[in-house]
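Biologist: I would like to learn how to read a model like this one, feature by feature. Could you take me through it?

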Amino acid sequence: MTIETSITIKATKDAIWQVLMNFSEYPEWNPFILSITGEPIIGKQININLPEMKFKPIVLTNQKEQLFSWKGKLGIKGIFDGHHQFEIQQLDEQHCLFIHKEVFSGILVPLFKKKLQTKTRQGFEAMNIALKNRAEKA
């Protein structure tokens with residue numbers, strides 16, 4: 001199951017990337033991901049705090065100004081896994097498309113499907129708007 005949201009941001013890829021990768025400032029602006037600690041290094045574990053959940057995913061991708069992703073799991077791999085990614089695409093000189101997506105897999109996904117399609121999607125969209133507001137002010 002996949003949730004994908006996107007928003008157009010009037011800012012450079014660099015400006016968006018700077019906001020996205022400045023984990024220490026997440027509590028100031030991000031309504032969905034309350035905090036991230038750790039280094040965004042491929043293969044390293046980071047700590048993420050959401051309103052209703054804390055988890056420790058592994059960084060999968062860190063392509064400057066393009067793509068940042070991680071994979072997390074609930075308990076044992078295959079129960080409830082999520083591959084979360086943030087992608088930035090240049091639209092023109094002044095605008096970028098920010099794509100916020102997660103692919104969920106595992107035997108418990110059907111049990112959480114409704115919550116994922118509503119509350120989780122709303123969280124993604126709230127974060128997208130907050131990122132847009134912050135990046136456009138930079």
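Biologist: How much space lies in the largest pocket?

Modeller: Let me start with the general idea: rolling a probe the size of a water molecule over the atoms shows where empty space is left. Keep in mind that this is a predicted model. Here, the largest pocket holds about 540 Å³ of space. It is lined by 22 residues, and those closest to its centre are L50, M53, F80, L116 and T120.

Biologist: Which elements give two or more residues to the lining of the largest pocket?

Modeller: The strands that do so are β4, β6 (67–73), β7 (81–90) and β8 (96–105), and they are joined by the helix α3 (109–137). The largest share of that lining, six residues, comes from α3.

Biologist: And by class, how many residues of that lining are nonpolar, polar or charged?

Modeller: The lining of the largest pocket has 11 nonpolar residues, along with five polar and six charged ones.

Biologist: What volume does the second largest pocket have, then?

Modeller: Its volume is about 190 Å³. You can find it in the viewer by selecting Q45, F55, K56, P57, I58, L60, K71, G72, K73, K77 and D81, which line it. Two elements, β5 (58–63) and β6, each give two or more residues to this lining. The one that gives the most is β6, with three residues. Sorted by class, the lining of the second largest pocket has four nonpolar, two polar and five charged residues.

Biologist: Both β5 and β6 are strands, so let us turn to sheets. How do strands of a sheet pair?

Modeller: In general, strands of a sheet pair through backbone hydrogen bonds, and the pairing is either parallel or antiparallel. In this model, an open sheet of five strands follows the order β1-β8-β7-β6-β5, and its pairing is antiparallel. At the edges are β1 (2–9) and β5, each of which pairs on one side only. From one strand to the next, the twist averages 10°.

Biologist: How many bridges join β1 to β8?

Modeller: Eight bridges join these two antiparallel strands. As an example to look up, I7 has F98 in β8 as its bridge partner. At the other edge, β5 and β6 run antiparallel and are joined by five bridges, and T61 stands opposite S69 in β6.

Biologist: What do β5 and β6 form together, and how many residues lie between them?

Modeller: They form a hairpin with three residues between the strands. Check the backbone of E65 in the turn: its phi is positive, at about 60°.

Biologist: What is the order of the strands in the open sheet of three?

Modeller: That sheet runs β2-β3-β4, again with antiparallel pairing. Its edge strands are β2 (35–37) and β4 (53–55), each pairing on one side only. The twist in this sheet averages 10° from one strand to the next. Three bridges join β2 to β3 (residues 47–50), and T37 stands opposite N47 in β3.

Biologist: Finally, the helices. At what angle do α1 and α3 pack?

Modeller: Helix α1 (residues 13–21) packs against α3 at an angle of about 120°, and the two axes are 9 Å apart. That angle makes α1 oblique to α3. As for handedness, α1 passes α3 in a right-handed crossing.

Conventions. Residues are numbered from 1 along each chain as its sequence is written. This is a predicted model: local features need pLDDT of at least 70, side-chain atom pairs count only at pLDDT 80 or more; totals for chains, interfaces and linings use all residues. Side-chain values use heavy atoms; hydrogens and water are left out. Two strands pair if DSSP finds at least two bridges between them. Helices (H or I, at least four residues) and strands (E, at least two) are DSSP runs, numbered from the N terminus. Axes are lines fitted to C-alpha atoms, for helices over the stretch in contact, and angles run from 0 to 180 degrees between N-to-C directions. On a 1 Å grid over the protein atoms alone, a cavity is a set of points where a 1.4 Å probe fits but cannot get out, and a pocket is an open set with protein on both sides within 12 Å along at least five of seven lines; lining residues have an atom within 4 Å of a point. Grid points are joined across faces, edges and corners, and a volume is the space filled by probe spheres set on the points. Ala, Val, Leu, Ile, Met, Phe, Trp, Tyr, Cys and Pro count as nonpolar, Asp, Glu, Lys and Arg as charged, and the others, Gly among them, as polar. Angles under 35 degrees count as roughly parallel, over 145 as roughly antiparallel, 65 to 115 as roughly perpendicular and the rest as oblique. A crossing is left-handed if the near helix is turned anticlockwise from the far one by less than a right angle, and right-handed if clockwise.
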